[in-house]
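Subject: Structure handover

Hi there,

Here is the structure I promised to pass on to you. Please have a look at it first, and then read on for what turned up.

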Amino acid sequence: MRNNRTQISQKNLIVIIISFITLALAATLMLYFCIKVMNGLRGYLIAEARWSKAQKTATHEMIHYGTSEEESNWSEFSNNLEILKGSKNARLALLSEDPDFDTAYESYKRGGVSVDLIDDMNWLFRIVHHTEFFEEALEYWEQGDAYVLELEELSEEVHKRIEEGSMDESTWHAYLDDLYIIDSHLSQYTGEFADAIEAATSKGRRYIFLINLIVGVGLIGAAGVVTVTLVRKTNNLNAHLADTKEKFSLVLDNSRDIIYQMDAESKNFEYVSPVVEKILGYKAEELMEEGPEFILQKVHHEDLERIRNAREQVAYRVPEEDVEMDTEYRLQTKSGEYIWVNNRRSVITDESGQYVGVVGNVRDITDRKSYMEQLDRSLEEKDTLLAEIHHRVKNNLAIVSSLIEMHNNEHDPAIQETLKELQSRIKSIALVHEKLYQSDSFGGIDLAEYINGLVDLVTKSMKNQDKEISIEREFHSIRFGLTHAVTFGLICNELISNAFKHAFNDQKEGVIRLVLRKEGDKGIFSVMDNGTGLPEDFDIKNQGTLGMTLVDNLARQLKGELSINSGDWTEFKVSFQVEE
């Protein structure tokens, strides 16, 4: 129930904070747009003032030009007229179907408006030119531009007559009357445009004030709610932390392991759990006062150097993956006896990743160590016994082979050949036991190493002085257990012996190629020769010989099969299941 209330409170706090942030963002955006609006309106007021000044100056210079006919007056008039025409160009560029803001920018710039305000003027025009108060200002603007056109046409006529020398006093007075009328209208529309912009500015200020007031009140209210909620949340969190600390202390105080924490800078214990008195005989306060050096003095002398090095690695901030963080050593208790302990440490880092201390737990593993020592002794005895068994089996098979050798000369040639094959098979089995006896592991033997030894045995027994037979070997490492190793050894013996006996009957020399490789979860053993080849009607099922029948049956025991390929090279290939 308490967890549910906490979750609801957290959700409410999140909603309030999000609302506060939203209001703050809204206020920021509102302030930003208010500044743009005010800048835009200020820009139009400045533009109106520049326009009004240019209109008055242009009228004044035209009057002087008509009376003095000085080119400087005409030039000054033309410059001010360009300002008036620029205002018209800006209006037309902004009101077109595809507003040309660049043209408007340049027109305002020539009119003397600050470049910092022009972008805001264009933005404001795009936003509010359809509003009622701005349409009124645009109407005055357009009417003023019409009279600027009349002023331009009038000035062109005056300039032409002066250039031609046809300007007389009566004509000039007529032009002067028209000029005063145009100036009067321009002044009128300039004032009305200024009034419209002022009205828009005043209305904009009121809207901005009301919006800021609403947002400000909302922000103050949200801030108040957030503050109250945070205070309440902080009080609840403090209570929860106190409760958690009490529970955590109960866990530490009742743990069967010694829990400790050490400061990196002072090298002193900051905490040691009370169970240390039960395990080592020292009180926690006593160890915290004595410090880690006191514990180091109680480490067995055979373990001291290793533990000191591990401690220095941590002290000098060696990366954790390079430090022995889980150590086992002997520690002397207060009563003087030594116990085995396991000390598992972890490095403590601050937010910047700097090493600030170590936290760890120490467990009494004396009973486990005693059991492991007994288990190691038992395994050592069993390994010795297995080695002796393999040694004796090998010796017994050697005796059987020797007995066969002793009686080999007492029988006819056919029986001698059979006994010789039997002797070869016995030696292949004995070789398995010899490899296991010599191996550090009785779980299996390396077939590549085994075949090399077997090839040497077969070559020695089958060697013919009249023939030069060479052996090519390509072996990959594959391991087999005892049972399958014996089966595989018999297959190898039969195929290699068969190649020596039958492949080179009519040849003085030849090559036997032996290949052992792994393909996926299958092993492949291949015996190839470049001898006389097989008869065209050769069929292993119809041979009736013990050797080929034995190979075929043994291949099945290895969950494999025997295949034969004949060509330039004769190949006997056995595929078999590789042990996991």
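Let me begin with aspartate 326, which is partly exposed at a relative accessible area of 36%. Please bear in mind that this is a predicted model. Aspartate 326 forms a salt bridge with arginine 344, and their closest N and O atoms are 3.1 Å apart. Because aspartate 326 lies in strand E3 and arginine 344 in strand E4, the pair ties together parts that are 18 residues apart in sequence. Arginine 344 also counts as partly exposed, at 48% relative accessibility.

Strand E3 has another charged residue for you to look at: glutamate 328 pairs with arginine 368, with 2.6 Å between the closest N and O atoms. Here the link is between distant parts of the chain, since glutamate 328 belongs to strand E3 and arginine 368 to helix H11 (residues 366-406), 40 residues apart. Glutamate 328 is partly exposed, with a relative accessible area of 25%, and arginine 368 counts as partly exposed at 45%. There is also a network in which salt bridges that share partners join Glu302, Asp303, Arg306 and Arg330.

One more pair is lysine 334 with glutamate 286, where the closest N and O atoms are 4.0 Å apart. Lysine 334 sits in the loop between strand E3 (326-332) and strand E4 (338-349), and glutamate 286 in helix H8 (residues 284-290), so this salt bridge ties together parts 48 residues apart in sequence. Both partners are partly exposed: lysine 334 at 49% relative accessibility and glutamate 286 at 28%. The full count comes to 12 salt bridges.

Now for the surface. Tyr207, Phe209, Leu210, Ile211, Leu213 and Val217 make a nonpolar patch of about 600 Å². Valine 217, from helix H6 (residues 169-253), is exposed, with a relative accessible area of 52%. A negative patch is formed by Glu69, Glu70, Glu71, Glu163 and Glu164. Of these, glutamate 69 is found in the loop between helix H1 (2-68) and helix H2 (71-95), and is partly exposed at 41% relative accessible area.

Finally, which residues of helix H3 (residues 101-110) are buried? They are Ala104, Ser107 and Tyr108. These residues cover an arc of only 95° around the axis, which puts them on the same side of H3. That fits the general pattern: an α-helix has 3.6 residues a turn, so residues three or four places apart point the same way. The face of H3 turned away from the buried side carries the exposed residues Asp102 and Arg110.

Happy browsing, and best wishes!

Notes
Residues are numbered from 1 along each chain as its sequence is written. This is a predicted model: local features need pLDDT of at least 70, side-chain atom pairs count only at pLDDT 80 or more; totals for chains, interfaces and linings use all residues. Side-chain values use heavy atoms; hydrogens and water are left out. Patches are made of residues with over 30% relative accessible area and no salt bridge: like charges are joined within 9 Å, nonpolar side chains (Val, Leu, Ile, Met, Phe, Trp, Tyr) within 5 Å. Accessible areas come from the Shrake-Rupley method with a 1.4 Å probe; for residues, only the protein chains shown count as cover. A salt bridge is a side-chain nitrogen of Lys or Arg within 4 Å of a carboxyl oxygen of Asp or Glu. Helices (H or I, at least four residues) and strands (E, at least two) are DSSP runs, numbered from the N terminus. Buried means under 20% relative accessible area, exposed over 50%, partly exposed in between (1.4 Å probe, protein chains only). Lys and Arg count as positive and Asp and Glu as negative; His and the chain ends are not counted. The place of a charge is taken as NZ of Lys, CZ of Arg, CG of Asp or CD of Glu. The arc is that of the directions from the helix axis to the C-beta atoms.
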